[in-house]
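Here are my notes from going through the model, as numbered points. Have a look at the structure before reading on.

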Amino acid sequence: MADSSTQSIIIGAAPDRVTAVICDFAAYPEWTDAVRRAEVVEEYEDGYASQVRFTIDAGVMADEYVLAYSYAEDLSRIEWHLVAPSKMQKSQRGSYDLVGNPDGSTTVTYTLEVDLSVGMLGMFRRKAEKMIMDTALKQLKRRVEATGAAR
């Protein structure tokens, strides 16, 4: 099993605005470089996605897979896991933990564990994970802060 990697970022918005962007899966292709398509295939009774199919193309890695999501009651934690192995991944587990700060910003901690189907040396895998997480958090921050300015 793969090791877990964790990174955090502070976003200049309240946790509910951050959660709204994270949970708007259909909009991912608008603001994430690698996601070509994101389609909610199942929802919970409350309307939140329970399963989402992603099509990604990150140059050297293209894949299609389905993630199953679960949410903390207060939406301070959003977790996911790979439903079935894909062309590139044996497994994937991840989470966003959101903590509201006194100044109205939110600290988002992203944890990701991916076990690839293709071989990759540990140091290259860790570098790739760091780059993926860093890009994902920066794009999330840009999207949340841009949508806040538009209101």
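1. Leaving aside residues up to four places away in sequence, serine 105 touches Ile10, Ile11, Gly12, Ala13, Val99 and Gly100. Keep in mind that this is a predicted model.

2. One of those neighbours gives a nice long-range link: alanine 13 is 92 residues from serine 105 in sequence, yet the two sit 4.7 Å apart in space, C-alpha to C-alpha.

3. Where does serine 105 lie? You'll find serine 105 in the loop between strand E6 (89–100) and strand E7 (106–116). Despite the loop setting, serine 105 counts as buried, because its relative accessibility is 7% and the cut-off for buried is under 20%.

4. The side chain of serine 105 also has a polar partner: a contact of 2.5 Å joins it to the side chain of aspartate 103.

5. Now for the rings. There are 13 aromatic pairs in the structure. Take tyrosine 28 and phenylalanine 54: their ring centres are 6.0 Å apart and their planes meet at 50°, so this pair counts as tilted. Tyrosine 28 belongs to helix H2 (residues 28–31) and phenylalanine 54 to strand E3 (residues 49–57), so the pair ties together parts that are 26 residues apart in sequence.

6. Are tyrosine 28 and phenylalanine 54 buried or exposed? Both are buried.

7. Tyrosine 28 and phenylalanine 54 also belong to one aromatic cluster. Its other members are Phe25, Trp31, Tyr44, Tyr48, Tyr65, Tyr69, Tyr71, Trp80, Tyr96 and Tyr110.

Notes:
Residues numbered from 1 in each chain as written. Predicted model: local features only at pLDDT ≥ 70, side-chain atom pairs only at ≥ 80, totals over all residues. Heavy atoms only, no water. Phe/Tyr/Trp six-rings, centres within 6.5 Å; stacked < 30°, edge-to-face > 60°. Helix = DSSP H or I, 4+ residues; strand = E, 2+ residues; numbered from the N terminus. Buried < 20%, exposed > 50% of the residue type's maximum accessible area, 1.4 Å probe, protein only. Contact = heavy atoms within 4.5 Å. Polar contact = N/O pair within 3.5 Å; in protein donor to acceptor, adjacent residues only side chain to side chain.
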